[in-house]
Amino acid sequence: MEVTGKIKLINEEQTFGASGFRKRELVVTTNEQYPQMILIEFVQDKCDLLNSYQVGQDVKVSINLRGREWINPEGVAKYFNAIQGWRIEAAQPEGSAQVPPMAPLDNLETVSKTDDTEPDDLPF
């Protein structure tokens with residue numbers, strides 16, 4: 001899955017626990033009629049992917065959806081979702097897609113007059 005939009009926020013890297021779990025959060029504002037501000041987390045070695053990006057840049061982020069269950073002290077199950085990024089790249093501005101060149105028109109064959117006496121058997 002992918003999210004495209006403009007970078008609104010890049011948080012500093014956070015480290016948790018004795019094992020040194022690393023996490024860094026990115027907020028992307030989508031380019032839709034009703035823009036959404038999507039929080040995407042990058043974990044462990046993926047945190048470094050954000051080093052070369054800045055607020056205001058248009059990006060395309062490849063994501064995975066993650067979900068987990070937690071049983072609270074009362075024994076009730078709670079569910080949490082996360083959006084994890086695993087790749088980020090600068091987005092191409094709209095309309096800048098490469099269009100393949102057209103074949104030259106000087107190689108086309110010219111047609112002589114059409115014969116109106118020929119039957120028209122085309123179905124349209």
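Let me start with E2, K60, R87 and E89, which are linked in a network of salt bridges, and let me say straight away that what we are looking at is a predicted model. That network belongs to a wider set, since the structure holds eight salt bridges, and I would like to go through several of them before turning to the core.

One of them joins D58 to K6, with the closest N and O atoms 3.4 Å apart. This pair links distant parts of the chain, because D58 sits in strand β5 and K6 in strand β1, 52 residues apart. As for their surroundings, D58 has a relative accessible area of 37% and is therefore classed as partly exposed, and K6, at 36% relative accessibility, also counts as partly exposed.

A second pair is E13 with R22, whose side chains meet in a salt bridge at 3.3 Å, N to O. Here E13 is partly exposed, with a relative accessible area of 35%, while R22 has a relative accessibility of 21%, which means that it still counts as partly exposed, given that buried is reserved for values under 20%.

The pair formed by E41 and K23 has its closest N and O atoms 3.7 Å apart. Since E41 lies in strand β4 and K23 in strand β3, this salt bridge ties together parts that are 18 residues apart in sequence. What is the burial state of E41 and K23? Both residues are buried.

Those two strands deserve a word of their own. Strands β3 and β4 pair in the antiparallel sense over seven bridges, they form a hairpin with six residues between them, and within the pairing V27 stands opposite L39 in β4.

That brings me to the nonpolar interior. The largest nonpolar core has 13 residues, and those with the most contacts inside it are L26, V28, I40, F42, V59, V61 and I88. Strands β1, β3, β4 and β5 each supply at least two residues of this core. As general background, nonpolar side chains in soluble globular proteins tend to be buried together. If we take L26 as a viewpoint and leave aside its neighbours within four places in sequence, it is in contact with I7, L9, I10, I38, L39, I40, F42, L50, V61 and I88.

I88 also comes up when we look at Y53, a residue placed in the loop between β4, residues 37–43, and β5, residues 58–71. Is Y53 buried or exposed? Its relative accessible area is 15%, so Y53 is buried, the limit being under 20%. Not counting residues up to four places away in sequence, Y53 touches I7, I10, V59, I88, E89 and A90. The side chain of Y53 reaches the backbone oxygen of I88 at 3.1 Å. With A90, the separation is 37 residues in sequence and 8.5 Å in space, taken from C-alpha to C-alpha.

The last residue I want to show is S62, which lies in strand β5 and is buried, with a relative accessible area of 3%. Its contacts, again not counting residues up to four places away in sequence, are M1, E2, Q84, G85, W86 and R87. Among them are E2 and R87, and these two take us back to the opening, where E2 and R87 were linked with K60 and E89 in the network of salt bridges.

Methods. Residues numbered from 1 in each chain as written. Predicted model: local features only at pLDDT ≥ 70, side-chain atom pairs only at ≥ 80, totals over all residues. Heavy atoms only, no water. Helix = DSSP H or I, 4+ residues; strand = E, 2+ residues; numbered from the N terminus. Buried < 20%, exposed > 50% of the residue type's maximum accessible area, 1.4 Å probe, protein only. Contact = heavy atoms within 4.5 Å. Polar contact = N/O pair within 3.5 Å; in protein donor to acceptor, adjacent residues only side chain to side chain. Core = buried A, V, L, I, M, F, W, Y, C linked by side-chain atoms within 4.5 Å. Pairing = 2+ DSSP bridges. Salt bridge = Lys/Arg side-chain N within 4 Å of Asp/Glu carboxyl O.
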